[in-house]
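Notebook open, coffee poured. I want to look at what surrounds the ligand first, and then at a pair of helices.

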Amino acid sequence: MTSAPEFDYGIVGGGLQGCLLAHAVAWHRPEATILLEERSTELCGNHTWSFHETDVAEEARGWVDPLVAHRWPSYRVRFPGLSRLVRIPYATITSDRLREATLALAARAAVPGRPGGLVVREGESCEILSPTVVRIDGSTEISCRAVLDCRGRAPAPAPGGAGYQTFIGHEYQTPRRWPPSEPTVMDVPTDQAAGFEFLYELPLGPHRVLLEYTRFHELPGCDESRAAELIALRLAEAGAETADLIRTERGCLPMPYAWADSRPGSSLAGGYAGGWYHAATGYSMPLAVRFAELVARARPDRIAAVVAAAAAEDRLRRGFARFLNRLLFCLVRPEDRWKIFQRFYRVLPEERIARFYAHRFTFSDAVRIVIGRPPTGLAPIRFARSFISLAKPVPT
Ligand SMILES: Cc1cc2nc3c(=O)[nH]c(=O)nc-3n(C[C@H](O)[C@H](O)[C@H](O)COP(=O)(O)OP(=O)(O)OC[C@H]3O[C@@H](n4cnc5c(N)ncnc54)[C@H](O)[C@@H]3O)c2cc1C
């Protein structure tokens, strides 16, 4: 006789995907028991996860909205020769807010007589032994109706090749009021000799701002001195040279350009581990929310089938996003990369931009994104060949 599983859901990894999933399950299935295992001593790490509000389907708003720390009605992009206000609402979830909300959810489970609930365990590494069993710290085995792998990206390089999006973000407390404005999602300086780079600016309050340097490069390292230079320039422009640095976040996100492996893995994976992120933008929110909704709404014995069907339905979009990365990193000269993004914001109306970021773009959106005069240095024949063969990087 086999004993009943200890938990309905075992979520391994308490980063963005793991925490979103815990909230989605608690919202849709309040009677369910959930185990959330995080290896580090604190859930959620140190991130600012932004997204277009149109990334989140109406039916997910009930559980996503309380996690939002900041929201704005629009954002701006600035390129040489183009400044555009994009009237799509933009929002941010911070690690602090997500951690606080997740621990509050777990605290509710401690109320006697309340069915279901979330148990959070931090500071313990967890192995996935099977789709229903995990092992904690090499000893204790726990059985669950469904185990979800939300362990983020593996340290190994992306198979088939990738470029990298690297970031250094500094959050400041400013002595003077920060100039009131919307977020600037890309402020692209004229000198792009080192590849596509820009400054990202989130006004978090009258005296609080996040300034983040981002670079798209074939190497994973970040140019610290260039980041310091651009951030200092922006502080000086805003008259905030004496601002206090209160937090730093940094990271590196591989942007794969080989066709995604669509074979189902031995365990059910979400977030970066399962390909539930936007390969071309680096934003994880749209697909992490979608994965959380799918899992939380499906019966536990149907989760694998429901997730596999949704991934298959999204297969061409995932392929197209990776093709765009290939275009960026293999087919366009580094100094011309910015022109791809400038053109994107110059020609696309807001509804197409929203669908692209939400990973819900149509065939006609994809055509509109690539059709037009090719960027400088891009031979049309190589471009066309690249559509046909995504398996190997094209030598430059
Ligand atoms: C600097 C930076 C800025 C970004 N900005 C945005 C943004 O604005 N918007 C957006 O949507 N995306 C953004 N991204 C991308 C986004 O952060 C990631 O793609 C996203 O965090 C992936 O979510 P995840 O849950 O799969 O992985 P993670 O958030 O990395 O979480 C994985 C978790 O699993 C834990 N773990 C790993 N192994 C084990 C184990 N064996 N046992 C237990 N726990 C384990 C890890 O400690 C970690 O906490 C950004 C990325 C970076 C680096």
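Entry 1, polar contacts. I started with Leu-16, where a backbone N or O atom lies 3.2 Å from an oxygen atom of the ligand. Note to self: this is a predicted model. Next I checked Gln-17, and a polar backbone atom there is 2.8 Å from a ligand oxygen. Ser-50 also brings a polar backbone atom to 2.8 Å from an oxygen atom of the ligand.

Entry 2, burial. How much of the ligand does the protein bury? I get 88% of the 1000 Å² that the ligand exposes when taken alone.

Entry 3, where the shell comes from. I listed the elements that give two or more residues to the shell around the ligand: helix 1 (16–28), strand 2 (33–38), strand 3 (48–52) and strand 16 (244–256). Which of them has the largest share? I found that strand 16 does, with four residues.

I then looked at domains. Domain 1 (1–72 + 89–156 + 258–390) and domain 2 (162–256) each supply at least three residues to the shell.

Entry 4, who is in the shell. I have 28 residues around the ligand, and Gln-17, Glu-38, Trp-49, Tyr-272 and Ser-284 come nearest. Sorted by class, I count 11 nonpolar, 12 polar and five charged residues in the shell. So much for the ligand.

Entry 5, the helix pair. I turned to helix 7 (residues 315–331) and helix 8 (residues 337–347), which pack at an angle of about 145 degrees with their axes 9 Å apart. On the helix 7 side I see Leu-327, Leu-328 and Phe-329 making the contact, and on the helix 8 side Arg-337, Ile-340 and Phe-341. What classes do the residues of this contact fall into? I noted five nonpolar, no polar and one charged.

Key. Residues numbered from 1 in each chain as written. Predicted model: local features only at pLDDT ≥ 70, side-chain atom pairs only at ≥ 80, totals over all residues. Heavy atoms only, no water. Near = heavy atom within 4 Å. Polar contact = N/O pair within 3.5 Å; in protein donor to acceptor, adjacent residues only side chain to side chain. Areas by Shrake-Rupley, 256 points an atom, 1.4 Å probe, with all protein chains shown as cover. Nonpolar A, V, L, I, M, F, W, Y, C, P; charged D, E, K, R; others polar. Domains from an automatic or database assignment. Axes fitted to C-alpha atoms, helices over the stretch in contact; angles between N-to-C directions. Contact = heavy atoms within 4.5 Å.
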